[in-house]
Structure formats: structure tokens, C-alpha cells
Amino acid sequence: MSTELVQLVGVGLAAGGIGALLGVGGGLILVPGLIFISGLPFQNAVAASLVCVVGTSVAGSTVYLRQDRVDLPVAIELQFFTVVGAVVAGLVAAFMPAGPLYFAFSILLLVTAYRMWPRQRRVPERATHFVGRRRHAAAGASVGAGLVSGLLGVGGGVLNVPILHLLVGIPFDRATATSVYIIGLTASAAAAVYLVRGDVELWVAGAALIGTMLGAGVAALFARRVQVRVLKVGFVVLLLYVAFRMVGRGVAQF
Amino acid sequence: MSHSSDRAPVSDALGALLARILTACQVLAIVAILAGLAATPSGDAASARSFARLATSLGVGALMVGPFLALAAAAAATARRETRLAVFALAAVLVALGGAALAGL
């Protein structure tokens, strides 16, 4: 059991660290990690992963809020829409045909990766466009991010960060910090649904949580020292990795 | 209304308040989960197992409540000057609670 404990803390450390830096929850590492280490069924791995995503968010947000890197008005408004998506996803997850969703999600990620690749195009500091059609588009996209979060056991950050950066116009480093804050409530809402159903393996989730909180807290402290370009390249690589995995999952459904 | 005009009334103090709330939840979660994990290896006895389960549940619960407490605090803090934000915050909490209640049915 102690080897399993160390492995769970280790996978949590990696997921929390990467998640806090890139504005995602780390569920993309956690779900396969938990299945591999503890042999959890997919549904239980998703449930435990969502609990850990809350850990990433809480530990990362604590640092980012103190550094004033979280755009709270945008975060609070968009949180509502991600929660709606996450709750709906948690309730209907068992009845959804997953195959087509995986393919659609992969295409979306590939397009996003292309748009996110660092170029010379500058996004002016604080020149956000959280008004009119962009505000409605961001709200709709946030519902989608919540759906993805609840269905796949991830924080939804892979969509939140592009929404905040490309659509709302928040600078990339602030977008990642704001996303880390948003995913906490999204994942918590989705995890609550799984928890009530009894899908959360508490020991596994608890062990991985310790790692995610430690990893996210340390990574958030050092996030300011990482160049935005490096973060963007890392994020695009993450998007491509997720798209690849989603295609694999989609193929496995048929 | 541009976003930058939204931002000004939501003061840095709110960020600091939310950070304190989340820190408190995090500390409680870490202590409880570590206590639960420490009790597990010697958990042959039923009492040790139930303690481990209780402590881990408490830790996970404390952590999961954190974002909701933060949102409720944000709603309370912004209710007078930022009614729109307060409404969104309260609605998010209600939707999440409703979802958990529906799942429990």
C-alpha cells in the first residue's frame, strides 16, 4: 500500500504542478494515472480526479489571489456558466454516447492549439472585451467547458484559458491564473454529484490530493518566473496531447 | 460598460479575503487527510478504518466546500455595489447544490 501511496502522491504532484502553471486542473494526467496506479474503473477515476482538480485550484488560487493575478469579475460571472455545464454533465454522463463527443472535442482542441500558438500578435494588457457578443460567446463557451469538465474528469482549463485569452482578451499569464480559480468551483460542483453517488474512492483521492495541493502551491509560487511564451508553447503541447488521447478514446468506443 | 470599469470596485481586499478562506480550507483538508492516511496502514481494526474514512471524508469535504465559501463571500462582499456579480455567484452556488441534490435522488 505504501508504494501505491507514493505513486499517488507523485502523480498528484505532477498534475498539480503542471495544472497550476498552465491554468488546467491536471485531470488529463490524473485520470489515466489513477486508472494505472490503483486500477480504478473510468467513472471512479473521473470522480477522484475531479476532487484532485479542486485541490489544484484551491492551492493555486490561494497564491494567485494574493498576487492579484485573478480577474475576479470575469471569473465570478463565468463560474456560473461552467457550473451549469458541469452539473448537467455530471447528471447525464452515464447516458451520453461518448465516441462522437471525443472526436468533436479533439477537433476543437486542434483548432484552439492553432489559435494559441505564440505569434507576434499582441494582446494589450488589461484591454479586455468582456462586453456584448464576446460576453455572450464567453458565457456559451464556458457552459461547454463545464460540460467537458464533468464528462471527462478534467477542470475544463483547456477551454477556459483560450476563452479568457482569445475571446475576453485577458493576457495569457492572468488567463491561466483566472482559469485556475474558475476550475475549482466547476470541479467541486461536478465532484459533488459523483460524491453523492458514492463514486469517489476516498483513500485514493485523499492520497493524490496531498500531491496536487503541494505541486500546485509550489508551481504557483514560481509561475511568475516562467516566460509567457514558454507557458504558451507548453499549453499548445498539452492541447495536442489531449486531442491525441481523445481520438484514441473515440476510436476505442467503436 | 467595459470590463476595466467592472474591475475597479472589486477591490484587492476581496482577493485577499478569498485567499484567506481558501487557505483555511486547504489547511484543514491537509491535516484531516494526512491523519486519515496515517491511520490507514494500521487499519486492521474497525475503529481505525472508520477513523481513517471519517478523517479523509472531512478533508475532502473541507476542500470541496472551499470554492463555494469563496463564492458566497464574494457574493456577500459585492452585493451592494456589484449586484450582477452577486447574483451570478449565488446562482452558481444554487445550481451546484441543486445538481448534488438531484444526483442524490
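In this predicted model, the elements of chain A run α-α-α-α-α-α-α-α-α-α from the N terminus on. Chain A therefore has ten helices and zero strands. Its radius of gyration is 17 Å, close to the 18 Å that the globule rule gives for 254 residues, so chain A is as compact as a globular protein of that length. The C-alpha trace of chain A spans about 50 × 40 × 30 Å along its principal axes.

**Burial and contacts in the two chains**

Chain B follows the pattern α-α-α-α along the sequence, with four helices and zero strands. The table sets out burial and long-range contacts for each chain.

| Chain | Property | Value |
|---|---|---|
| A | Residues that count as buried | 63% of 254 residues |
| B | Residues that count as buried | 41% of 105 residues |
| A | Share of contacts with a separation of 6 or more that join residues 24 or more positions apart | 85% |
| B | Share of contacts with a separation of 6 or more that join residues 24 or more positions apart | 57% |

**Confidence**

The average pLDDT of chain A is 84, and 91% of its residues score at least 70. Within chain A, helix α5 (residues 98–116) has the lowest confidence, with a mean of 76, while helix α9 (residues 202–222) has the highest, at 92. Where pLDDT is low, the predicted coordinates should not be read in detail.

**Helices and core of chain A**

Helix α1 of chain A covers residues 2–22. From first C-alpha to last, this helix of 21 residues reaches 30 Å, close to the 30 Å expected at 1.5 Å a residue. Just after α1(A) comes A:G23, which takes a positive phi of about 80°.

The largest nonpolar core has 128 residues, and the members that touch the most others are A:A48, A:V51, A:A191 and A:A208. Helix α8 (residues 172–197) of chain A supplies the largest share of this core, 16 residues. α8(A) is mostly covered, with 24 of its 26 residues buried. The span of α8(A) from first C-alpha to last is 37 Å, close to the 38 Å expected at 1.5 Å a residue. A:G198 sits just after α8(A) and takes a positive phi of about 80°.

A:A208, one of the core residues named above, has contacts well beyond its sequence neighbours. Leaving out residues up to four places away in sequence, A:A208 touches A:L8, A:V11, A:G12, A:L30, A:L34, A:A48 and A:C52. A:A48 in this list is also among the core members that touch the most others.

**A loop residue with positive phi**

A:D68 is found in the loop between α3 (42–66) and α4 (72–92) of chain A. A:D68 has a positive phi of about 55° although it is not a glycine. This residue counts as partly exposed because it has 13 C-beta neighbours inside 10 Å, where 12 or fewer would make a residue exposed and 20 or more would make it buried.

**Packing between α2 and α3 of chain B**

B:A29 lies in helix α2 of chain B, and B:A62 has its place in helix α3 of chain B. B:A29 is buried because 28 other C-beta atoms lie within 10 Å. B:A62 has 21 C-beta neighbours inside 10 Å, so B:A62 also counts as buried.

The two residues appear in each other's contact lists. Apart from neighbours within four places in sequence, B:A29 is in contact with B:G59, B:A62 and B:L63. On the same basis, not counting residues up to four places away, B:A62 touches B:C25, B:L28, B:A29 and B:A32.

Two C-alpha separations add to this picture. B:A29 and B:G66 are 37 residues apart along the chain, and their C-alpha atoms are separated by 9.8 Å. B:A62 and B:V27 are 35 residues apart in sequence and 9.1 Å apart in space, C-alpha to C-alpha.

**The interface between chains A and B**

In the contact between the chains, 48 residues of chain B meet 47 residues of chain A. On the chain B side, the elements that give two or more residues are α1 (3–7), α2 (12–39), α3 (46–78) and α4 (83–104). Of these, α2(B) gives the most, with 15 residues. By residue class, the side of chain B that touches chain A divides into 30 nonpolar, 14 polar and four charged residues.

Technical notes: Residues numbered from 1 in each chain as written. Chains lettered and ligands numbered in written order. Predicted model: local features only at pLDDT ≥ 70, side-chain atom pairs only at ≥ 80, totals over all residues. Rg over C-alpha atoms; globule rule 2.2 N^0.38 Å. Contact = placed C-beta atoms within 7 Å. Nonpolar A, V, L, I, M, F, W, Y, C, P; charged D, E, K, R; others polar. Expected span 1.5 Å × (residues − 1). pLDDT = per-residue confidence, 0-100. Core = buried A, V, L, I, M, F, W, Y, C linked by C-beta atoms within 7 Å.
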